[in-house]
Amino acid sequence: ASIPTELGKLSNLIYLRLSYNAFTGTVPEGLAEMKGLQLLQLQSNRITKMPTIPRLNDIIHGHSTFVADCGVPSAFDEALECDNCTMCCNAD
């Protein structure tokens, strides 16, 4: 299953933990529009593309604010790129 696009409409949501749910595909761009979001954890899914969410950085909210299965080694043929993840679970 994929992450529901409707989650992006929850603009006041602060914490979104979607780890260990076997989600596949891309993360909906609408999650980047969630103004109140302070924590996004997506590790242990099969995500293939991450949105850019600059406000989720470790300086403001802490080291585990934007966690994903990016980096190498990877279970994917191509490693997942995440330009602004604060923690990559696959990173050496």
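## Overall organisation

In this predicted model, residues 24 or more positions apart account for 38% of the contacts in the protein chain with a separation of 6 or more. The secondary structure of the chain comes to one helix and six strands, and, read from the N terminus on, these elements follow the order β-β-β-β-α-β-β.

## Burial and surface

Of the 92 residues in the protein chain, 40% are buried. The chain exposes about 5,400 Å², and carbon and sulfur atoms supply 52% of that area.

## The nonpolar core

The largest nonpolar core has 22 residues, and those with the most contacts inside it are I3, L40, L42, M50 and F66. For L40, once its neighbours within four places in sequence are left aside, the contacts are L16, L31, I53, L56, T65, F66 and V67; F66, one of these partners, is itself listed with L40 among the core residues with the most contacts.

## L16 in strand β1

L16 has its place in strand β1, and it counts as buried because its relative accessibility is 7%, which falls under the 20% limit. Apart from neighbours within four places in sequence, L16 is in contact with L7, L31, L37, L39, L40 and Q41. The contact between L16 and L40 thus appears in the partner lists of both residues, and L31 is likewise named as a partner of L40 and of L16.

The C-alpha atoms of L16 and Q38 are separated by 8.3 Å, although these two residues are 22 residues apart along the chain.

## S19 in the loop after β1

S19 is found in the loop between β1 (15-17) and β2 (24-26). With a relative accessible area of 17%, S19 is buried, because this value also lies under the 20% limit. Not counting residues up to four places away in sequence, S19 touches Q41, L42, Q43 and N45. Among these partners of S19 is L42, which is one of the residues with the most contacts inside the largest nonpolar core, while Q41 is a partner of S19 and also of L16.

## Aromatic rings

The structure holds zero aromatic pairs. There is, however, a charge placed over a ring, since R17 lies over the face of Y15 at 5.6 Å from the ring centre, within the 6 Å limit for such an arrangement. Strand β1 spans 15-17, and L16 has its place in that strand.

Note on methods
Residues are numbered from 1 along each chain as its sequence is written. This is a predicted model: local features need pLDDT of at least 70, side-chain atom pairs count only at pLDDT 80 or more; totals for chains, interfaces and linings use all residues. Side-chain values use heavy atoms; hydrogens and water are left out. Helices (H or I, at least four residues) and strands (E, at least two) are DSSP runs, numbered from the N terminus. Buried means under 20% relative accessible area, exposed over 50%, partly exposed in between (1.4 Å probe, protein chains only). Contact means heavy atoms within 4.5 Å. A nonpolar core is a set of buried Ala, Val, Leu, Ile, Met, Phe, Trp, Tyr and Cys residues joined through side-chain atoms within 4.5 Å. Rings of Phe, Tyr and Trp (its six-membered ring) pair if their centres lie within 6.5 Å; planes under 30 degrees apart count as stacked, over 60 as edge-to-face and the rest as tilted. A charge sits over a ring if NZ of Lys or CZ of Arg is within 6 Å of the ring centre and within 35 degrees of the ring normal. Accessible areas come from the Shrake-Rupley method with a 1.4 Å probe; for residues, only the protein chains shown count as cover.
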